[in-house]
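Please take a moment to look over the sequence and the structure shown below before reading on. The paragraphs that follow go from one residue to its surroundings, and then to the sheet, the charged pairs and the aromatic rings.

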Amino acid sequence: MKTTSDAFSARRRRVLHVALVGALTGIAGCLDSDDEPLPDTDDDDTAGDDTEPDDDHDDEPDETRTLAEILAWESSYVMELAVPLGSGTVRFYEDDSYTAWSVNGMEMEVYRIGTEEYIVVDGECFIPTGSSDEEIFEPERLVEEFGDVTPDEVVTIDGQEAYRFTVDDGSLYLSTDTGYPIQFESDDDGGIIQFHSWGETEPISPPDMECIEQ
């Protein structure tokens, strides 16, 4: 039985690594998302200049604002992942998370409640030993490494206007209205992670079933 559980855990760790490593594991959290207008960068002090902005350049971002200044975050949100190994949905609520994975035809659920972890496969629940904090989302890294990066352009993602940032091995899109991440696209493996339901998720409880420690 231990061998089976270890196999499940190893596969899960591999999927999480592929999906979250790199830029995504560094998205910063709990930043102050102010609603102040973008700073005025017009250096022309000529009085009486009534020239209207050039509409042909509406897709050019205000390069005076950096990723750290734009990015907003909540402790509760949802990520939907599509990676080469499979697909999954991760729901976060404060320090807890619930993940539903489909990996190579195998369905799997992973609960992380505080420091406890539960893996449900084929109707059985396992509590793995040696759960590692390395899989916990570490949002500070992105701001530490890419906080000074400015957006490449303004684009539309699923009907939402977004700043596109080049970070690590892909593109991160932040809403121009809220600063929340909308999507991440990996240049390395073609994986896509979509973000939504900021501040709207419900508390997460352990699975309501007997779980075997492994």
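Is Ser-175 buried or exposed? In this predicted model, Ser-175 is buried, because its relative accessible area is 5% and a residue counts as buried when that value is under 20%. Ser-175 belongs to strand β9, which covers residues 170–175, and its side chain reaches the backbone nitrogen of Thr-178 at a distance of 3.2 Å. If the neighbours within four places in sequence are left aside, the residues in contact with Ser-175 are Glu-161, Ala-162, Tyr-163, Tyr-180 and Ile-182. One of these, Tyr-180, will return when we come to the aromatic rings.

Strand β9 is part of a wider arrangement, an open sheet of 12 strands whose order is β7-β8-β9-β10-β11-β1-β2-β3-β4-β5-β6-β12, with mixed pairing. The edges of this sheet are held by β7 (153–157) and β12 (211–213), and each of them has a single partner strand, so one side of each is left without a neighbour in the sheet. Going from one strand to the next, the twist averages 20°. If you follow the order given above, you will find β1 beside β2; strand β1 (residues 76–83) and strand β2 (residues 86–93) run antiparallel and are joined by 8 bridges. Within this pairing, Tyr-77 has Phe-92 in β2 as its bridge partner.

The loop between β11 (192–196) and β12 is the place to look for Pro-203. Apart from its neighbours within four places in sequence, Pro-203 is in contact with Arg-91 and Tyr-93. Pro-203 can also be compared with Ile-113, for the two are 90 residues apart in sequence, while their C-alpha atoms are 10.0 Å apart in space.

We can now turn to the charged side chains. How many salt bridges does a search of the whole structure find? The search finds 3 of them. In one, the side chains of Arg-141 and Glu-145 meet with a distance of 3.2 Å from N to O, and both residues lie in helix α3 (residues 140–146), where they are 4 residues apart, which is about one turn of the helix. Arg-141 is partly exposed, with a relative accessible area of 23%, and Glu-145 also counts as partly exposed, at 45% relative accessibility.

Another salt bridge brings together the side chains of Asp-152 and Arg-164, at 3.4 Å from N to O. This pair links distant parts of the chain, since Asp-152 is in the loop between α3 and β7 and Arg-164 is in strand β8 (residues 160–167), 12 residues apart. Arg-164 also forms a salt bridge with Glu-153, and here the closest N and O atoms are 3.0 Å apart. Because Glu-153 lies in strand β7 and Arg-164 in strand β8, the pair ties together parts that are 11 residues apart in sequence. Asp-152, Glu-153 and Arg-164 are thus linked in a network of salt bridges. As for their surroundings, Arg-164 is buried, with a relative accessible area of 19%, whereas Asp-152 is partly exposed at 37% and Glu-153 is partly exposed at 30%.

The last group to follow is that of the aromatic rings, among which the search of the whole structure finds 9 pairs. The rings of Trp-73 and Phe-195 have centres 6.4 Å apart and planes at 70°, so the pair is edge-to-face. Trp-73 lies in the loop between α2 (67–70) and β1, and Phe-195 in strand β11, so the pair ties together parts that are 122 residues apart in sequence. Both Trp-73 and Phe-195 are buried. The rings of Tyr-180 and Trp-198, in turn, have centres 5.0 Å apart and planes at 10°, so this pair is stacked. This pair, too, links distant parts of the chain: Tyr-180 is in the loop between β9 and β10 (181–186), Trp-198 is in the loop between β11 and β12, and the two are 18 residues apart. Tyr-180 and Trp-198 are both buried.

Which residues form one aromatic cluster? The members are Trp-73, Tyr-77, Phe-92, Tyr-180, Phe-195 and Trp-198. The cluster thus includes Tyr-77 and Phe-92, which are bridge partners, and also Tyr-180, which is in contact with the buried Ser-175.

Terms used: Residues numbered from 1 in each chain as written. Predicted model: local features only at pLDDT ≥ 70, side-chain atom pairs only at ≥ 80, totals over all residues. Heavy atoms only, no water. Pairing = 2+ DSSP bridges. Axes fitted to C-alpha atoms, helices over the stretch in contact; angles between N-to-C directions. Contact = heavy atoms within 4.5 Å. Salt bridge = Lys/Arg side-chain N within 4 Å of Asp/Glu carboxyl O. Buried < 20%, exposed > 50% of the residue type's maximum accessible area, 1.4 Å probe, protein only. Polar contact = N/O pair within 3.5 Å; in protein donor to acceptor, adjacent residues only side chain to side chain. Phe/Tyr/Trp six-rings, centres within 6.5 Å; stacked < 30°, edge-to-face > 60°.
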